[in-house]
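Please find below my notes on the model, set out as numbered points. They go through charged pairs, the core, the pocket and one helix in turn.

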Amino acid sequence: MALRIPKAELPLEVRENMVQQLGAVPENVEVTWHSPKVAQDNMEFGGEVGAWDAADASLKSFAQMAVPALVG
């Protein structure tokens with residue numbers, strides 16, 4: 001049996017803003033909205049991660065070595 005956190009009811013202006021920006025309200029926002037501070041911090045962190053445009057050079061070299069090992 002998997003426990004689930006029920007979705008919280010978002011304020012109308014927040015819901016409309018999400019639909020306008022994203023086309024729908026993400027489920028994780030509805031779940032984390034029980035604590036609006038947590039929901040806001042989660043969205044901010046997601047935005048920062050989405051802005052990353054490059055990987056660290058050491059990670060790139062590791063990936064270049066790992067791919068041939070997976071391919072065979």
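**Notes on the predicted model**

1. Arg15 counts as partly exposed, at 25% relative accessibility. This is a predicted model, and the remarks here should be read in that light. The side chain of Arg15 meets that of Glu30 in a salt bridge, with 3.3 Å from N to O. Arg15 belongs to helix 1 and Glu30 to helix 2, so this pair ties together parts that lie 15 residues apart in sequence.

2. Is Glu30 buried or exposed? Glu30 is buried, since its relative accessible area is 10% and the cut-off for burial is under 20%. Besides Arg15, Glu30 has Lys7 as a salt-bridge partner, at 3.7 Å from N to O. Lys7 sits in the segment before helix 1, whereas Glu30 is in helix 2 (residues 27-32), so the contact ties together parts 23 residues apart in sequence. Lys7 itself counts as partly exposed, with 48% relative accessibility.

3. How many salt bridges does the structure hold? There are four. One of them joins the side chains of Asp41 and Lys37, at 3.3 Å from N to O. Both of these residues lie in helix 3 (residues 36-50), four residues apart, which is about one turn of the helix. In an α-helix there are 3.6 residues a turn, so residues three or four places apart point the same way. Asp41 is partly exposed, with a relative accessible area of 35%, while Lys37 counts as exposed at 57%. Elsewhere, Lys7, Arg15 and Glu30 are joined into one network by salt bridges that share partners.

4. The largest nonpolar core consists of eight residues, namely Ala8, Leu10, Val14, Met18, Val25, Val29, Trp33 and Ala39. Nonpolar side chains tend to be buried together in soluble globular proteins. Leaving aside residues up to four places away in sequence, Trp33 touches Ala8, Glu9, Leu10, Pro11, Val14 and Ala39. Several of these contacts are with other core members, including Ala8, Leu10, Val14 and Ala39.

5. The largest pocket has a volume of about 150 Å³. Which residues line the largest pocket? Its lining is made up of Glu13, Val14, Asn17, Met18, Gln21, Leu22, Trp33 and Met43. Helix 1 provides the largest share of that lining, with six residues. Val14, Met18 and Trp33 appear both in this lining and in the largest nonpolar core.

6. Leu22, one of the lining residues, lies in helix 1 (residues 12-22). Leu22 is exposed, with a relative accessible area of 55%, the cut-off for this class being over 50%. Between Leu22 and Thr32, which are 10 residues apart along the chain, the C-alpha atoms are separated by 17 Å.

7. Helix 4 (residues 57-71) has 15 residues. From first C-alpha to last, helix 4 reaches 22 Å, close to the 21 Å expected at 1.5 Å a residue. Why does helix 4 lie largely in the open? The number of its 15 residues that are buried is zero, so helix 4 lies largely in the open.

Technical notes: Residues numbered from 1 in each chain as written. Predicted model: local features only at pLDDT ≥ 70, side-chain atom pairs only at ≥ 80, totals over all residues. Heavy atoms only, no water. Helix = DSSP H or I, 4+ residues; strand = E, 2+ residues; numbered from the N terminus. Expected span 1.5 Å × (residues − 1). Buried < 20%, exposed > 50% of the residue type's maximum accessible area, 1.4 Å probe, protein only. Core = buried A, V, L, I, M, F, W, Y, C linked by side-chain atoms within 4.5 Å. Contact = heavy atoms within 4.5 Å. 1 Å grid on protein atoms, 1.4 Å probe; cavity = no way out; pocket = protein on both sides within 12 Å on 5 of 7 lines; lining within 4 Å. Points joined across faces, edges and corners; volume = space filled by probe spheres on them.
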